[in-house]
Number of protein chains: 2
Amino acid sequence: MPTIKYYLREGLLPAGVLTSPNQAHYDDEHLRRLRLVRALVDVGGLSIASVREVLEVIDTREESLHRKLGAVQEAISQPSPVELDPMAVKDVQAFFERQGETECADVTASNVTHMLAAALSVARSIGHDHFQDLLDPYLEGLKLIARADLEYIATRGSRDDVIEAMVVGTLIGDTVIKAVRRLAHAQVSREVIGEQPPSDEV
Amino acid sequence: MPTIKYYLREGLLPAGVLTSPNQAHYDDEHLRRLRLVRALVDVGGLSIASVREVLEVIDTREESLHRKLGAVQEAISQPSPVELDPMAVKDVQAFFERQGETECADVTASNVTHMLAAALSVARSIGHDHFQDLLDPYLEGLKLIARADLEYIATRGSRDDVIEAMVVGTLIGDTVIKAVRRLAHAQVSREVIGEQPPSDEV
DNA sequence: GATAGTAGAGAGTGCCGCTATCCATTCAGG
DNA sequence: CCTGAATGGATAGCGGCACTCTCTACTATC
């Protein structure tokens, strides 16, 4: 309960309607918002500041859904202090050009592309200088997943629900993907070495 | 530089060879290890304690690669304090049965399955009670990705490299997947609504 | 022998996510 | 109308974590 007070103070939850100077009323919408905050914190692992950013995006009335999703992605991708390897930056640029993405010319302009370049930079720093070869196959798999995401979002009714579904699908989806990926590793490695004697390797 | 001393104290880096009581020598292996630690912290977002766990797994000589990867996954999936929804637990169990996974009968036994159940529980708590429908398509996409991962790992030579490649492929891979997923969303939504007038929605 | 530099260890720092306390008000029960 | 419990609002405190600072003992170098 003191946590709720804290969230109110931090502006994560809208203040309740004051029925009298010391009595505020909270409806289902407040509860829903509280659960969303907890979801972002517990499952998404977001900081309070990031949650505030995400909520601000959700509550903005003006922008298109496309831009909203982009803003959410920016909010949940806090840039790490990793210094970028120029080679990794070139890898990312080449990847974008290969995919016909022209608007992301400047890698450092977006948190998402910065994160990608940072990840490849770190991979390089520990001797993995071909990690970028995985980008294309990753995109193939993720397109499959993205199609499922869009279908899922399409089943949601109102516009507010759509926005929330995108946030949930993005953030909780990331967590789910992490977990399911483990299962996929196990399945594929079993199917690859299936015919070999059970050496229990890989 | 004081950070290195801290890591030494925390046991994340092996002590250097003492050439004299106040002079220690560090070789390339130490540097490599330091970079790996920074990679896990900066890109993987792991806590120092989790990094220690991961390193212990890497340094263990005995177990099979399969078990090692499992141990790494456990280490990087710290369980959240979310209380599990029984329905979500059933969803996860059903998913495993559908995939012929028998060994994971107890969802709470593994951090990974617990994380999955927690994510679905939180999704339910905010009214997304069909999120589990995404598990199967997610697995499809992730199998594609897993095949690429295995190929990537296969290009690595020595056994030590394989283990590290698995850790890197898993942890840095998670970050890369997050970023590329954004691009996939954009591409797929464009291709889905491609023929429609440019309403700039979704 | 004076100086500079290092290993090692303990204490201190800053941030973040809460949590506890305080006070004025006010509502419920009698 | 009086009393006690509860609430809103604000301020201060706490605990954990990832460092960072400092202090001591020692030694290699000039």
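Biologist: Which residue of chain B comes closest to the rotation axis?
Modeller: Heads-up: this is a predicted model, where local features need pLDDT of at least 70, side-chain atom pairs count only at pLDDT 80 or more, and totals for chains, interfaces and linings use all residues. Residues are numbered from 1 along each chain as its sequence is written, chains are lettered from A and ligands numbered from 1 in the order written, and side-chain values use heavy atoms, with hydrogens and water left out. At 2.0 Å from the axis (C-alpha), the residue you want is Gly141(B).

Biologist: And how are the two copies related?
Modeller: Turn chain B by 180°, with 0.0 Å of shift along the axis, and you land on chain A with an RMSD of 0.0 Å. The copies are therefore related as by a two-fold rotation axis. That fit is by least squares on the C-alpha atoms of residues with pLDDT of at least 70 in both copies.

Biologist: What area is buried between chain B and chain A?
Modeller: The contact (heavy atoms within 4.5 Å) takes 81 residues from chain B and 80 from chain A. The copies meet through the same surface, because 99% of chain B's interface residues are also interface residues in chain A. Carbon and sulfur atoms give 69% of the buried area (what two parts lose in accessible area, 1.4 Å probe, on being put together, summed over both), and the total is about 7,900 Å².

Biologist: Which three residues supply more of chain B's buried area than any other three?
Modeller: Together, this trio supplies 9% of what chain B buries against chain A. They are Ile126(B), Arg181(B) and Arg182(B).

Biologist: How many salt bridges cross the interface?
Modeller: A salt bridge here is a side-chain nitrogen of Lys or Arg within 4 Å of a carboxyl oxygen of Asp or Glu. Arg181(A) and Asp174(B) meet in one, at 2.9 Å, N to O. The whole structure has 18 over all chains, while the number across the interface is four.

Biologist: Arg33(A) meets Asp59(A) in a salt bridge too, but how many residues apart are they?
Modeller: Their side chains come to 2.8 Å, N to O. The pair links distant parts of the chain, with Arg33(A) in helix 2 and Asp59(A) in helix 3. Helices here are DSSP runs (H or I, at least four residues), numbered from the N terminus. The separation is 26 residues.

Methods
Helices (H or I, at least four residues) and strands (E, at least two) are DSSP runs, numbered from the N terminus.
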